[in-house]
Amino acid sequence: QVQLVESGGGLVQAGDSLRLSCAVSGRTFSAVGMGWFRQALGKEREFVATINYNGASTRYADPVKGRFTISRDNTRNTVSLQMNSLKPEDTAVYYCAGERSRWNLSPSFRASDFEYWGQGTQVTVSS
């Protein structure tokens, strides 16, 4: 059974930075794309960033391009999200997710393509 555990969330002011981490238990981590999604209060879950199995390809949602960076360390089974220049509209619960299929060269951005999900970590950005 695959388990994902997020950490690094917190309360910050606009313009600050946070780094989220996701630790994954599972032997197929290096073969599967990973992603970060977020869900703000009263809104649907939305795509933030994804990275393919070897880290060679990434995708970002338009609102976070140039501010957020997704990365992975396949030797440690971790995926991270560096968030800079945070804005109040970034406030949400951030979820780490693992893609269902293996060896995809291009990472998916659709939540329905991700099978494994963490519990989420709260990020709150005050103005």
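Colleague: What makes strand S2 (residues 10–13) and S11 a pair?
Modeller: In this predicted model, four bridges link strand S2 with S11, in the parallel sense. A pair requires at least two bridges, so the four bridges between S2 and S11 satisfy the criterion. One example is Leu-11, whose bridge partner in S11 is Thr-124.

Colleague: What makes S9 and S11 a pair?
Modeller: Three bridges join S9 to S11, and the two strands run antiparallel. Set against the requirement of at least two bridges, the three bridges suffice, so S9 and S11 are paired. Within S11, Val-123 stands opposite Ala-92.

Colleague: How do the side chains along strand S11 (residues 121–126) point?
Modeller: They alternate. Thr-121, Val-123 and Val-125 are buried and point to one face, whereas Gln-122, Thr-124 and Ser-126 point to the other and are not buried.

Colleague: Why is Thr-121 called buried?
Modeller: The relative accessible area of Thr-121 is 12%. Buried means under 20%, so Thr-121 qualifies with 12%. Among its contacts, neighbours within four places in sequence aside, are Glu-6, Leu-20 and Tyr-94. A polar atom of the Thr-121 side chain also lies 3.2 Å from the backbone nitrogen of Gly-9.

Colleague: Why does Gln-122 count as partly exposed?
Modeller: Gln-122 has a relative accessibility of 39%. Buried would need a value under 20% and exposed a value over 50%; 39% lies in between, so Gln-122 is partly exposed.

Colleague: What makes the approach of the side chains of Gln-122 and Thr-124 a polar contact?
Modeller: The side chains of Gln-122 and Thr-124 are joined at 3.3 Å. The cut-off for a pair of N or O atoms is within 3.5 Å, so the distance of 3.3 Å meets it. The side chain of Gln-122 also reaches the backbone oxygen of Ala-92, at 3.5 Å. Leaving aside neighbours within four places in sequence, Gln-122 is in contact with residues including Gly-9, Gly-10 and Thr-91.

Colleague: How do you know that a disulfide joins Cys-22 to Cys-96?
Modeller: The S to S distance between Cys-22 and Cys-96 is 2.2 Å. A disulfide requires two cysteine sulfur atoms within 2.5 Å, so this pair qualifies at 2.2 Å. The structure holds one disulfide.

Colleague: What parts does the pair of Cys-22 and Cys-96 tie together?
Modeller: Cys-22 belongs to strand S3 (residues 18–25) and Cys-96 to strand S9 (residues 92–102), so parts 74 residues apart in sequence are tied together. The link of Cys-22 and Cys-96 is left-handed, with -85 degrees about the S-S bond.

Colleague: Are Cys-22 and Cys-96 buried or exposed?
Modeller: The relative accessible area is 1% for Cys-22 and 0% for Cys-96. Buried means under 20%, so Cys-22 is buried with its 1%, and Cys-96 is buried with its 0%.

Colleague: In what order do the four strands of the open sheet stand?
Modeller: The order is S1-S3-S8-S7, with antiparallel pairing. Strand S1 (3–7) and strand S7 (68–73) each have a single partner strand and stand at the edges, so each has one side without a neighbour in the sheet. On average, neighbouring strands of this sheet are turned by 15 degrees against each other, direction ignored.

Colleague: What makes S1 and S3 a pair?
Modeller: S1 and S3 share five bridges in the antiparallel sense. At least two bridges are required, so five bridges are enough for a pair. Here the disulfide cysteine of S3 appears again: Cys-22 is the bridge partner of Glu-6.

Note on methods
Residues are numbered from 1 along each chain as its sequence is written. This is a predicted model: local features need pLDDT of at least 70, side-chain atom pairs count only at pLDDT 80 or more; totals for chains, interfaces and linings use all residues. Side-chain values use heavy atoms; hydrogens and water are left out. Buried means under 20% relative accessible area, exposed over 50%, partly exposed in between (1.4 Å probe, protein chains only). Axes are lines fitted to C-alpha atoms, for helices over the stretch in contact, and angles run from 0 to 180 degrees between N-to-C directions. Contact means heavy atoms within 4.5 Å. A polar contact is a pair of N or O atoms within 3.5 Å; within protein, one must be able to donate a hydrogen and the other to accept it, and residues adjacent in sequence count only if both atoms are side-chain atoms.
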